[in-house]
Amino acid sequence: LKLKMMKKRILLLSAIALMAFSNTLSAKHNHSDLKINTKVSGVEWIGKKVTGQHSGGITIKEGTLNLHDGNLSGGTIVMDMSSITCTDLKPEEGATKLVGHLNSPDFFDVANHSTATLKIIGAKKTEGKKHMVSGTLTIKGITKPITFEANVEMKDGKLGAFAEVKVDRTLYNIKYGSGKFFEGLGDKMIKDEFIIKFKIAAE
């Protein structure tokens with residue numbers, strides 16, 4: 001009788017161990033990490049002022065996107081702030097001066113904050129390719145929550161994503177030319193909100 005009970009216990013423990021191992025394998029199978037291809041991915045920025053706007057690019061230094069059951073679930077995108085360019089002006093017509101100003105403490109203080117990071121915490125599919133993404137954005141060492149809509153497409157194990165994110169620069173202590181903090185700026189006022197467009201390819 002004792003031998004039978006011992007055999008039953010061994011079988012039961014074996015079954016429990018097998019189930020746990022199976023669940024672990026299943027969890028690993030359902031989760032995957034995709035590395036961002038920094039050569040074909042990138043960021044475009046658009047900043048507006050009373051008299052017009054400027055635009056340019058920022059290089060993605062590195063990044064990973066996490067999938068669960070084939071759907072976007074998280075990730076990290078690190079931007080190289082020292083790579084900021086201006087694309088709407090020629091160097092001799094003000095682009096060099098503008099980029100120098102953007103690198104200065106008035107704006108991104110690149111000497112002390114060489115990267116900015118978008119961390120994705122969750123993503124919910126709404127319809128078709130559209131996803132509502134939530135996470136945090138860190139600029140100049142300041143981290144704030146952020147939500148935005150993104151188009152995400154999976155094909156043959158590769159992911160393509162595009163998102164247009166509106167950012168209030170004053171939340172990150174970028175107050176230069178802001179009407180919130182300085183009066184009488186007139187046509188020199190710079191809009192508080194700027195746009196970051198992410199174009200991502202990962203595999």
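1. A quick word on burial before anything else: a residue is called buried under 20% relative accessible area, exposed over 50%, and partly exposed in between, using a 1.4 Å probe and protein chains only. By that rule A202, at 2% relative accessibility, counts as buried. Across the protein chain, buried residues make up 34% of the 203 residues.

2. Some ground rules. This is a predicted model, where local features need pLDDT of at least 70 and side-chain atom pairs count only at pLDDT 80 or more, while totals for chains, interfaces and linings use all residues. Residues are numbered from 1 along each chain as its sequence is written, and side-chain values use heavy atoms, with hydrogens and water left out.

3. On to the fold. The protein chain has 2 helices and 9 strands, taken as DSSP runs numbered from the N terminus (helices are H or I with at least four residues, strands are E with at least two). Along the sequence the order is α-β-β-β-β-α-β-β-β-β-β. Contact here means heavy atoms within 4.5 Å; of the contacts with a separation of 6 or more, 56% are between residues 24 or more positions apart. The accessible surface comes to about 12,800 Å², and 56% of that belongs to carbon and sulfur atoms; the areas come from the Shrake-Rupley method with a 1.4 Å probe, and for residues only the protein chains shown count as cover.

4. Back to A202, which sits in strand β9. Leaving out residues up to four places away in sequence, A202 touches L34, K35, I36, N37, L65, K158 and L159. Its C-alpha is 9.3 Å from that of D33, although the two are 169 residues apart along the chain. D33 also turns up beside N66, a residue of strand β3 (residues 52-68): the C-alpha atoms of N66 and D33 are 4.6 Å apart, with their positions 33 residues apart in sequence. With the four-place exclusion again, N66 has H31, S32, D33, N71, L72, S73, G74 and G75 as its contacts.

5. Have a look at the aromatics, too. There are 2 aromatic pairs, where rings of Phe, Tyr and Trp (its six-membered ring) pair if their centres lie within 6.5 Å, and planes under 30 degrees apart count as stacked, over 60 as edge-to-face and the rest as tilted. F107 and Y176 have ring centres 5.4 Å apart and planes at 55°, so this pair is tilted. F107 lies in the loop between α2 (95-103) and β5 (115-127) and Y176 in the loop between β8 (158-168) and β9 (190-202), so the pair ties together parts 69 residues apart in sequence. F107 is buried at 9% relative accessible area, whereas Y176 is partly exposed at 38%.

6. The other pair is F108 with F194: centres 6.2 Å apart and planes at 80°, so edge-to-face. F108 is in the loop between α2 and β5 and F194 in strand β9, so parts 86 residues apart in sequence are tied together. Both F108 and F194 are buried.

7. Finally, what lines the largest cavity? It has 14 lining residues, with I77, I120, F148, A161 and I200 nearest its centre. By class, the lining has 14 nonpolar, no polar and no charged residues. β4 (71-80), β5, β7 (142-155), β8 and β9 each supply at least two of the lining residues.

Technical notes. On a 1 Å grid over the protein atoms alone, a cavity is a set of points where a 1.4 Å probe fits but cannot get out, and a pocket is an open set with protein on both sides within 12 Å along at least five of seven lines; lining residues have an atom within 4 Å of a point. Ala, Val, Leu, Ile, Met, Phe, Trp, Tyr, Cys and Pro count as nonpolar, Asp, Glu, Lys and Arg as charged, and the others, Gly among them, as polar.
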